[in-house]
Amino acid sequence: MRHFSVSGSAVAMVGRSAHILTLLPDELILRIISFLDEETDRKSFRCVCRDFYRLDSLCREHIRVLRLDFVESLFSKLGSLTSLDFSVCPRFDDAAVAQLFSHSSPPCIWTRSVRKLTLARCSGLTLRGLGVMVKNCVSLDSLDISYCYGLGDLEATALSCAVGLRELILDQCLNISDVGLAKIALSCVKLETLSIKWCFGVTDLAVVLLSKKCAELKHLDLSYTKITSNSLRWISKIGKLESLRSLSCGSVDDICLHYIRDGCPSLQVLDISRCDKLSFPALASVVKTHNDLVELQANYCFSEIPVNFICYSNKLKVFSIDGAQVSSPTLKSLGQNCKKLIEIGLGKCRFTDDGIMGLVSGCPDLKILNLTCCYALSDIAICSIAESCKALVSLRLECCKFITEWSLYHLGSCCSFLRDVDLTDCVINDTGLKYLSKCSRCYNIGDNSLASLCYGCRKLQKLIISYCESVTDKGISFLSYLDELVDLELRGLLRFSSNGLLRLVAGCRRLSRLDLKHCPNIDDSGFLAMAYYSKNLQQINLSCSAISNAGLRIVMGNLTCLQDAKLVNLSNVTVDGIEVALRVCCSRLKKLKLAASLQLVISYELINILEAKGCRVRWI
């Protein structure tokens, strides 16, 4: 046991501050901070006093920017910043970048340590802003610019300046073509992770060049692109490739699998979902020759799984075969041969209780199980899952209408680690929900269910209780105790009024997504309370609600983090009311949904301003 002494001055200091931590050196407090894994705990820690705030700033490595008002002074205090996320900042564009670096001569010190930069959905950025960011972040090795629809080949030139990049995410950058990807491939030869999902302009030409120049690639995602077997022939020669994903690539066929079979010696993850030109013998040859393969995703590729395929899959840990017809002998064989499985996807597969019982009896380590739309399952199968897979974390049972509260009782009693249960369109009642924490469109759910839910699941972060017609303000008031709730869907609650919304938003201050569609009994008083309390809201759905012109203007003006708004069929709001509300928030919105009937009467000038600010307007 260690001993220490305390001087008289130190005792006096403790008496003044009444805090024992004032005796500890900074190094020891920093060590304590390192054990705070949850961001909420870190936030509570730095709010205690100025000293704690200063110490947290010294070791804080990641920051997610919500507003730009105090960014410059904030960054100057964060000496250890390595990860920077602007993806939820609604006004981060070229002008914001120019302002950020306007007083930077010499360049900002904080940028020198930044290694990871997330600019996803920053659609206001162009070549100028992106070039400044890449130029100043000299140590950058990870960049995410996914869903920046305006970025194209010209902006790829700026990316090519980041020669040290090891990770690049370009998902849904629709204007990037072979020319832009070729520029990146020629300059960023150290790339280890690349994702170009939904980059429709990319073809074999650029992918072949990428395979030749970027020999360090380990993770490659080509989903929803126009690649053919020629691309896979060269990709298979990348010796370090560990993960290959090619979802919904219509030209991928057996020839591609033969190339993978003869190459990719380090392959561990293969996703060929929705590639409908493949055969099981070709896939079996890949699995047989790659002993390190641990994850196989083959959803909606095959109509049936042969039993003899399972004997090659004994090293798999993740296996998903949604949409196939799987016999009970096949599932039993899977349970007997694949003892290492921790995740399996069998959504929309046709089998009976016997098959599931045979599977789970041999896979006690299963943590994630997807049984969506497996209509024939009953309580017998669910009870077998609960008794065999005690480490289960996620279970999806959408449209399994033959299960009752007896199944849910066994799940609640046996699976203590269960965190995610999907019971969409299942016929369950209050008794069943007492043991679980996920419900959606379960019509028999009422206030007592929500009381039990909030008492047992205080850490709940996402909840969907849409169209539960028995829920009233009393039940919604229980949700106010879920202070970590961030995502809430309350569609079609006809007995939910402004009083319930007031209690909800006063307690759930962390809400970032709220869906109030078809809640006709909420008036302006409820929406004004939401505008006052819910400052962190980023997505909101007010379609078919009773909000008025004044209420909408205050809501859209006060919610300073709002990026995504659905404002369809607002019967109490006029065209002028819509325009005024949109003008007060036009610099923040990134997505907007409006009724098609407004397209001819709303101001063209306003729509042009919104689109110029990077907002995508959808008319329905």
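**Note on the sheet, cores and two loop residues**

1. In this predicted model, strand β16 pairs with strand β17 (residues 487-489) in the parallel sense over three bridges, where pairing requires that DSSP finds at least two bridges between two strands, and strands are DSSP runs (E, at least two residues) numbered from the N terminus, as are helices (H or I, at least four residues). Within this pair, K462 stands opposite D487 in β17.

2. The two strands belong to an open sheet of seven strands, with parallel pairing and the order β16-β17-β18-β19-β20-β21-β22. Its edge strands, each pairing on one side only, are β16 (462-464) and β22 (616-619).

3. The largest nonpolar core, a set of buried (under 20% relative accessible area, 1.4 Å probe, protein chains only) Ala, Val, Leu, Ile, Met, Phe, Trp, Tyr and Cys residues joined through side-chain atoms within 4.5 Å, has 182 residues, and F86, L170, I321, L371 and L582 have the most contacts inside it. Helix α13 (residues 280-289) gives the largest share of this core, six residues.

4. Two residues that are not glycines have a positive phi: Q172, at about 60 degrees, and N569, at about 55 degrees. Q172 is found in the loop between β5 (167-169) and α9 (178-187), while N569 lies in the loop between β20 (564-567) and α24 (575-583).

5. Residues are numbered from 1 along each chain as its sequence is written, and side-chain values use heavy atoms, leaving out hydrogens and water. Local features need pLDDT of at least 70 and side-chain atom pairs count only at pLDDT 80 or more, whereas totals for chains, interfaces and linings use all residues.

Methods
Buried < 20%, exposed > 50% of the residue type's maximum accessible area, 1.4 Å probe, protein only.
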